[in-house]
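Work through the exercises below with the structure open. Each task is followed by a solution in steps.

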Amino acid sequence: MRYLTAGESHGKQLTTIVEGVPALMPLTSDEINESLLRRQKGHGRGKRMQIEKDLVDIAGGVRHGYTLGSPIALVVKNDDFKHWVDIMGEDPIDDDKKIRRVVSRPRPGHADLNGAMKYGHRDMRNILERSSARETAVRVAAGAVAKTMLKQLGINVVGYVNEIAGIKAEEYPDLSFDQKVTISEDSPVRCLDPEASQKMMDAIDQAKKDGDSIGGVCEVIVEGMPAGIGSYVHFDRKLDARIAFAVQSINAFKGVEFGIGFEAARRNGSEVHDEIIWSEETGYQRRTNNLGGFEGGMTTGMPIVVKGVMKPIPTLYKPLQSVDIETKEPFTASIERSDSCAVPAAAVVMEHVVAFEVAKAILEQFPHDQFPKLKKAIDEYREEIRCF
Ligand SMILES: Cc1cc2nc3c(=O)[nH]c(=O)nc-3n(C[C@H](O)[C@H](O)[C@H](O)COP(=O)(O)O)c2cc1C
Ligand SMILES: C=C(O[C@@H]1CC(C(=O)O)=C[C@@H](OP(=O)(O)O)[C@H]1O)C(=O)O
């Protein structure tokens, strides 16, 4: 299973083609739209999210509520395009108009300057349009297909926020998976700790007032994974490595950790490794889950627990020094419409990119063209594992 995306932030639409989804899997736009709407929510987003109402158009690969086994084409329109037709239209425009609209002031922290140098564009709009996290709308759409598949295989994925601007949520080990889903949905910052939620919102408001931006940490949990998904035999078949790649590839993400993550460097082995236990009913289990559900690039059967850190949004109302690439003069103001914090939205993106990698690994291990056969194969494998 794989996907590609196309489209610019203020262009007509974003498109993704998801290939390799088995035939005969129930899929409707409702599941995808639910994910898209969740991504749009969250305290701290800018004016753009008031313009957009992301809804998917399934343009291929699904008929009468079932996948066909052919590529699934998903389209999300940019409602903002109507305000950008002159700037983003594909027809050539005269030089006079072009010059007045050229973006020549790169924002520190965004892709503007490096992208312009790489592709030889003097107008950095040609960079920012595609480097924009608007693209994550269709990454979420593709991930929603994966999530729908996983759910029908008894595997559930949820993402929430652990930290914003240094304010950390209390850990709630006793919350069930469903409680995590419900509580994070109710929180305007997608956090499980109501007290921390309020403080996070205040910090976002303060950053906005100061013309600044803030980042944070998101966590994704995958429950219901059988042991042994992924492989140790080659570097690019390690599922934890693939998940790390997917998370790191989200705009503004600067690091990934599994389980206790970097804390492992400060503990002895006896305080890190998850002891193995066995019972007739459940088969093998672990006393703890410090390693976040992975050993040797394969799942252990414990929940996958992965965190990703998002840096603060680069576009700032508060001046940061940069250089105009036409005049080479320094300037200290970059006034583009922007989010002040997108960590809650990023948690939804992370949930979906992780879901995609997990679904992809499952399909590699149990290659089936027909979804009911895949489901049967997974059920048989679970039983084999339980009795191992
Ligand atoms: C959901 C989401 C929303 C974002 N919104 C903005 C934004 O409004 N303004 C901005 O400058 N960057 C925003 N970013 C971050 C930039 O897209 C990102 O910093 C940029 O593409 C450069 O890539 P890098 O930070 O991964 O190096 C957002 C990121 C995400 C995940
Ligand atoms: C459009 C989305 O996020 C955008 C990501 C983004 C960036 O630079 O990454 C910049 C902003 O876009 P604009 O300049 O149009 O206000 C965000 O709104 C979205 O998440 O759907």
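Residue classes are used throughout: Ala, Val, Leu, Ile, Met, Phe, Trp, Tyr, Cys and Pro count as nonpolar, Asp, Glu, Lys and Arg as charged, and the others, Gly among them, as polar. The model is predicted: local features need pLDDT of at least 70, side-chain atom pairs count only at pLDDT 80 or more, and totals for chains, interfaces and linings use all residues. Residues are numbered from 1 along each chain as its sequence is written, while chains are lettered from A and ligands numbered from 1 in the order in which they are written.

**Exercise 1. Describe the shells around ligand 1 and ligand 2.**

Step 1. A residue is near a molecule if its C-beta atom, placed from the backbone, lies within 6 Å of it.

Step 2. Around ligand 1 there are 20 residues, and the closest are A133, N251, T315, D339 and A342. By class this shell divides into ten nonpolar, nine polar and one charged.

Step 3. Helix α11 gives the most to the shell around ligand 1, with three residues. Helices (H or I, at least four residues) and strands (E, at least two) are DSSP runs, numbered from the N terminus.

Step 4. Ligand 2 is surrounded by 14 residues, of which R48, S132, A133, R134 and R337 are the closest. The classes here are two nonpolar, six polar and six charged.

**Exercise 2. Place S132 and R337 in the fold and state whether each is buried, partly exposed or exposed.**

Step 1. A residue is buried if 20 or more other C-beta atoms lie within 10 Å of its own, exposed if 12 or fewer, and partly exposed in between, with C-beta atoms placed from the backbone.

Step 2. S132 sits in the loop between α6 (125–131) and α7 (136–152). It is partly exposed because it has 17 C-beta neighbours inside 10 Å.

Step 3. R337 sits in the loop between β17 (330–331) and α11. With 10 other C-beta atoms within 10 Å, R337 is therefore exposed.

Step 4. Two residues are in contact if their C-beta atoms, placed from the backbone, lie within 7 Å. Leaving aside neighbours within four places in sequence, R337 contacts G46, K47 and R48.

Step 5. S132 and R337 are among the residues covered by the UniProt annotation "binding site" (unreviewed entry), which also includes R130, N251 and T315. The annotated residues are spread over 208 residues of sequence and also in space, up to 44.4 Å between C-alpha atoms. UniProt positions are given in the numbering used here, feature names are shortened, and annotations may be inferred rather than shown by experiment.

**Exercise 3. UniProt also places the feature "binding site" (unreviewed entry) at R39 and R45. Compare their surroundings.**

Step 1. R39 belongs to helix α1 (residues 29–40), whereas R45 lies in the loop between α1 and α2 (48–51).

Step 2. R39 is buried because 26 other C-beta atoms lie within 10 Å. R45 has 19 other C-beta atoms within 10 Å, so R45 is partly exposed.

Step 3. Neighbours within four places in sequence are left aside for the contacts. R39 then touches T136, A137, V140, A345, V348 and V349, and R45 touches D339, A342 and A345.

**Exercise 4. Characterise the packing of α10 against α11.**

Step 1. Helix α10 (residues 239–248) and helix α11 (residues 343–365) pack at an angle of about 150°, with their axes 9 Å apart. Axes are lines fitted to C-alpha atoms, for helices over the stretch in contact, and angles run from 0 to 180 degrees between N-to-C directions.

Step 2. From α10 the contact takes L239, R242, I243, A246 and V247, and from α11 it takes M350, V353, V354, F356, E357 and A361. By class, the contact has nine nonpolar, no polar and two charged residues.

**Exercise 5. Examine the backbone at A165 and R190.**

Step 1. Most residues other than glycine have a negative phi.

Step 2. A165 has a positive phi near 50°. A165 is in the loop between β7 (156–164) and β8 (167–168), and is partly exposed, with 19 other C-beta atoms within 10 Å.

Step 3. R190 has a positive phi of about 60°. R190 is in the loop between α8 (177–186) and α9 (194–209), and counts as buried because it has 29 C-beta neighbours inside 10 Å.
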